[in-house]
Amino acid sequence: MKKQIIILNGTGGSGKDTFINLCSKYASCMSISSVDKVYEAASLMGWTGTKTDKDRKFLADVMNTFHPRGK
């Protein structure tokens, strides 16, 4: 059987993890997050792992520090 690679992008809270969870019911899926390093850095700065609107803004700011958009 051929393996497929599907890349999902979306803003925080758009349903990427939910989509992967639904797909996992019908096929073998692997999810690799490109923001794991952002989470690690945020944790070192006091982020507790929650994803409120304020937390999402903080995480976006941390990510933009590493990967500024438009530059």
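Biologist: In this predicted model, which residues does V38 touch, once those up to four places away in sequence are not counted?

Modeller: V38 touches L59, V62 and M63 under that condition, where touching means that heavy atoms lie within 4.5 Å.

Biologist: What makes V35, V38, A41, A42, W47, L59 and V62 a nonpolar core?

Modeller: These residues make up the largest nonpolar core, 7 residues in all, and the term requires that each is buried, under 20% relative accessible area, and that they are joined through side-chain atoms within 4.5 Å. The elements that give two or more residues to this core are α2 (36-44) and α3 (53-66), and α2 gives the most, with 3 residues. In soluble globular proteins, nonpolar side chains tend to be buried together.

Biologist: How do you know whether C23 and C29 form a disulfide or not?

Modeller: A disulfide is a covalent bond between the sulfur atoms of two cysteines, and the test used here asks for a pair of cysteine sulfur atoms within 2.5 Å. A search of the whole structure finds 0 disulfides. For C23, the nearest cysteine sulfur is that of C29, at 5.3 Å, and for C29 the nearest is that of C23, again 5.3 Å away; the 2.5 Å cut-off is not met, and therefore neither cysteine is counted in a disulfide.

Biologist: Why are C23 and C29 called partly exposed?

Modeller: Partly exposed covers relative accessible areas between the buried limit of 20% and the exposed limit of 50%. C23 has a value of 24% and C29 has 35%, so both fall in that interval.

Biologist: Why is I6 called exposed, and which residues make a nonpolar surface patch with I6?

Modeller: I6, found in the segment before α1 (16-23), has a relative accessible area of 66%, and because exposed means over 50%, the label follows. I6, L8 and F19 make a nonpolar surface patch of about 300 Å², for which each residue needs over 30% relative accessible area and nonpolar side chains are joined within 5 Å.

Biologist: What makes R56 buried, partly exposed or exposed, and which residues are in contact with R56 beyond four places in sequence?

Modeller: R56, which lies in helix α3, has 29% relative accessibility, and this value sits between 20% and 50%, so R56 counts as partly exposed. Leaving aside neighbours within four places in sequence, R56 is in contact with G12, G13 and K51. R56 and L44 are 12 residues apart in sequence and 16 Å apart in space, C-alpha to C-alpha.

Key. Residues numbered from 1 in each chain as written. Predicted model: local features only at pLDDT ≥ 70, side-chain atom pairs only at ≥ 80, totals over all residues. Heavy atoms only, no water. Patch = residues over 30% accessible without salt bridge, like charges linked within 9 Å, V, L, I, M, F, W, Y side chains within 5 Å. Areas by Shrake-Rupley, 256 points an atom, 1.4 Å probe, with all protein chains shown as cover. Salt bridge = Lys/Arg side-chain N within 4 Å of Asp/Glu carboxyl O. Helix = DSSP H or I, 4+ residues; strand = E, 2+ residues; numbered from the N terminus. Buried < 20%, exposed > 50% of the residue type's maximum accessible area, 1.4 Å probe, protein only.
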